[in-house]
Amino acid sequence: MAAPRKAWCQCCITGGGPAGIMLGYLLARAGLDVIVLEKHADFFRDFRGDTIHPSTLALFDELGLLSRFLQLPHHAVRELRMAFGPTQVRIADFRYLPTPCRFIALMPQWDFLDFLAGQARAYPTFALRMATEATGLIEEQGRIVGVRARDDDGELEIRADLCVAADGRHSTLRERAGMRVRDLGAPMDVLWFRLARRPGAADQPLGRFGAGEILIAIDRGDYWQCGYVIPKGGYEALRARGLEAFRGRLARFVPALAGEIAALANWDEIKLLTVKVDRLERWWRPGLLCIGDAAHAMSPIAGVGVNLAIQDAVATANEVAGPLLDAALGDDHLARVQRRRQWPAALTQRLQLLVQNRVIAGVLQEEEQVRPPMALRLIDRLPLLRRLPARLIGLGVRPEHIATPDVGTS
Ligand SMILES: Cc1cc2nc3c(=O)[nH]c(=O)nc-3n(C[C@H](O)[C@H](O)[C@H](O)COP(=O)(O)OP(=O)(O)OC[C@H]3O[C@@H](n4cnc5c(N)ncnc54)[C@H](O)[C@@H]3O)c2cc1C
């Protein structure tokens with residue numbers, strides 16, 4: 001067998017999702033040699049998360065990227081509406097946030113990642129290796145000193161002063177590093193599919209709740225990206241009842257889309273996305289740091305996971321760029337990233353668990369018509385109250401700011 005090819009960089013990031021690409025961009029922008037490994041060959045696949053929140057847009061503003069970013073096709077959501085049976089409630093109003101963009105930009109994640117990777121590629125020290133899968137870690141005397149990977153040409157060994165695991169909720173690297181994970185539980189999974197959207201079709205509430213049913217419908221211009229929430233582990237039983245039964249159930253739930261639902265031709269068009277909520281006890285080991293979902297897998301609730309991953313990337317870059325440039329990175333820098341980001345992640349997860357367990361689990365078991373919970377009815381009635389969820393969802397807790405320099409692209 002051929003010997004592995006070898007490479008070196010100051011920071012090797014595994015995972016070309018929001019956390020990995022953003023961190024790679026910021027570090028290369030600060031003048032560091034960065035390699036990002038992404039196991040897929042492109043970004044064009046069904047991702048989880050199309051919601052670019054005001055917190056991320058504010059960072060793009062700080063980076064001078066905002067106007068270019070907003071030229072990409074997107075749908076601006078200024079107010080979140082949910083329907084419980086026939087009753088619609090407004091649950092968040094972003095129009096009063098103290099931030100440059102007072103809306104959520106709905107954009108397919110592949111466009112978002114393509115944009116960010118394009119900015120990063122302008123820096124000569126940035127390398128994104130697509131179709132390259134990290135398979136393990138290189139450890140010497142208790143310290144992680146590199147990543148083993150595989151691409152079409154064979155095995156690779158990449159040595160780095162810092163390895164970052166940004167490889168998502170099923171992180172290979174955190175598992176190889178033997179890190180302890182606390183599973184926080186999730187009562188649901190999501191079926192992910194598209195329905196055609198006719199020109200001029202009426203707006204749909206982003207979320208719709210009925211007896212035993214929840215549907216999220218994201219407007220992507222010529223189609224609705226739908227997430228249909230099912231009880232955890234319920235997929236096989238649903239599938240066994242057949243596609244016809246599923247289509248019928250969905251059409252009864254959303255009669256306005258019955259024609260589009262009838263066009264779902266087979267199960268290949270419907271993907272099962274498993275929901276997981278967990279958190280590492282310790283996010284780092286000497287030489288290795290986990291961020292994004294690899295450190296704290298987020299529930300889809302409130303569509304905050306992508307934005308939290310971006311915040312982790314900014315906090316990491318702020319903390320490690322200087323020490324990496326000075327070849328002086330120590331464990332304390334990694335511990336500081338965890339200390340800074342653990343609290344926002346834990347608080348957000350706690351709120352997600354509250355909604356999951358108090359609202360979602362209840363609705364999925366409900367056989368009668370559902371009504372909006374009292375708290376949501378109050379929020380709907382009192383405009384001032386709608387600013388609080390807008391702040392929590394749109395800006396999150398402890399928003400980060402760019403503190404790394406830009407060395408320029410030439
Ligand atoms: C059903 C569902 C819907 C969601 N909807 C939303 C939403 O609307 N908005 C929102 O903000 N959040 C949403 N989330 C949460 C969101 O998906 C995550 O929090 C977010 O994607 C985390 O970003 P990340 O960069 O940490 O990880 P990921 O986005 O998971 O990216 C990890 C990357 O690593 C790559 N990778 C994995 N293993 C390897 C390997 N061994 N080698 C190389 N590459 C590897 C993967 O291919 C992937 O590109 C949703 C989650 C679920 C489950």
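# Notebook: a walk through the strands and rings

**Entry 1. Starting at strand S2.** I opened this predicted model at strand S2, which pairs with strand S8 (residues 126–129) in the parallel sense, over four bridges. I looked for a facing pair and found Val 34 opposite Phe 126 in S8. Next I checked the neighbour S1 (residues 5–14), which also runs parallel to S2 and is joined to it by four bridges. Here I noted that Ile 13 has Val 36 in S2 as its bridge partner. I then followed the chain from S1 through helix H1 (residues 18–29) to S2, a β-α-β crossover that is right-handed.

**Entry 2. The two faces of S2.** Are the residues of S2 buried or exposed? I recalled that side chains in a regular strand alternate between the two faces of the sheet. In S2 (residues 34–37), Val 34 and Val 36 are buried on one side, and Ile 35 and Leu 37 are buried on the other, which leaves both faces covered.

**Entry 3. A sheet of seven strands.** I moved on to an open sheet and wrote down its strand order, S6-S5-S14-S15-S16-S13-S17, with mixed pairing. Which strands stand at the edges? They are S6 (87–93) and S17; each has a single partner strand, so one side of each has no neighbour in the sheet. I also looked up the turn between neighbouring strands of this sheet, which is 25 degrees on average, direction ignored. Inside the order I picked S13 (residues 188–196) and S16, an antiparallel pair with nine bridges. One of the matches is Met 188 with its bridge partner Pro 231 in S16.

**Entry 4. A sheet of three strands.** I found another open sheet, with the order S3-S7-S4 and antiparallel pairing. Its edge strands are S3 (51–52) and S4 (75–77), and each pairs on one side only. Between S3 and S7 (residues 104–106) I noted two bridges in the antiparallel sense. Ile 52 stands opposite Ala 105 in S7.

**Entry 5. Helix H2.** How many of the residues of helix H2 are buried? I noted seven of the nine in H2 (residues 54–62), so the helix is largely enclosed by the rest of the structure. The buried ones are Pro 54, Ser 55, Thr 56, Leu 57, Ala 58, Leu 59 and Phe 60. After H2 I came to Gly 64, which has a positive phi near 75 degrees.

**Entry 6. Aromatic rings.** I looked up the aromatic pairs, and the structure holds eleven. Tyr 228 and Phe 246 form one that is edge-to-face, with 5.4 Å centre to centre and 75 degrees between the planes. Tyr 228 is in strand S16 (residues 223–231) and Phe 246 is in helix H7 (residues 243–253), so this pair ties together parts 18 residues apart in sequence. Both Tyr 228 and Phe 246 are buried.

I then turned to Tyr 235 and Trp 267, also edge-to-face, at 6.3 Å centre to centre and 85 degrees between the planes. This pair links distant parts of the chain, 32 residues apart: Tyr 235 belongs to helix H6 (residues 235–240), and Trp 267 to the loop between helix H8 (258–262) and strand S17 (271–274). Tyr 235 is buried, as is Trp 267. I was pleased to see these residues come together, since Phe 193, Tyr 228, Tyr 235, Phe 246 and Trp 267 form one aromatic cluster.

**Entry 7. Arginines and rings.** Which ring does Arg 282 lie over? I found Arg 282 over the face of Trp 284, at 4.1 Å from the ring centre. I also noted Arg 387, whose charged end sits over the ring of Tyr 96, 3.9 Å from its centre.

**Entry 8. Two more arginines.** Arg 169 is in the loop between strand S11 (154–165) and helix H5 (172–176). Why does Arg 169 count as buried? Its relative accessible area is 12%, and buried means under 20%. I also looked for a polar partner: a polar atom of the Arg 169 side chain lies 3.1 Å from the backbone oxygen of Met 298.

Arg 150, in strand S10 (residues 143–151), counts as partly exposed at 41% relative accessibility. Last, I looked up Arg 150 and Pro 4: they are 146 residues apart along the chain, and their C-alpha atoms are separated by 9.0 Å.

Methods:
Residues numbered from 1 in each chain as written. Predicted model: local features only at pLDDT ≥ 70, side-chain atom pairs only at ≥ 80, totals over all residues. Heavy atoms only, no water. Buried < 20%, exposed > 50% of the residue type's maximum accessible area, 1.4 Å probe, protein only. Polar contact = N/O pair within 3.5 Å; in protein donor to acceptor, adjacent residues only side chain to side chain. Phe/Tyr/Trp six-rings, centres within 6.5 Å; stacked < 30°, edge-to-face > 60°. Lys NZ or Arg CZ within 6 Å of the ring centre and 35° of its normal. Pairing = 2+ DSSP bridges. Right-handed = clockwise from strand over helix to strand, strands pointing away. Axes fitted to C-alpha atoms, helices over the stretch in contact; angles between N-to-C directions.
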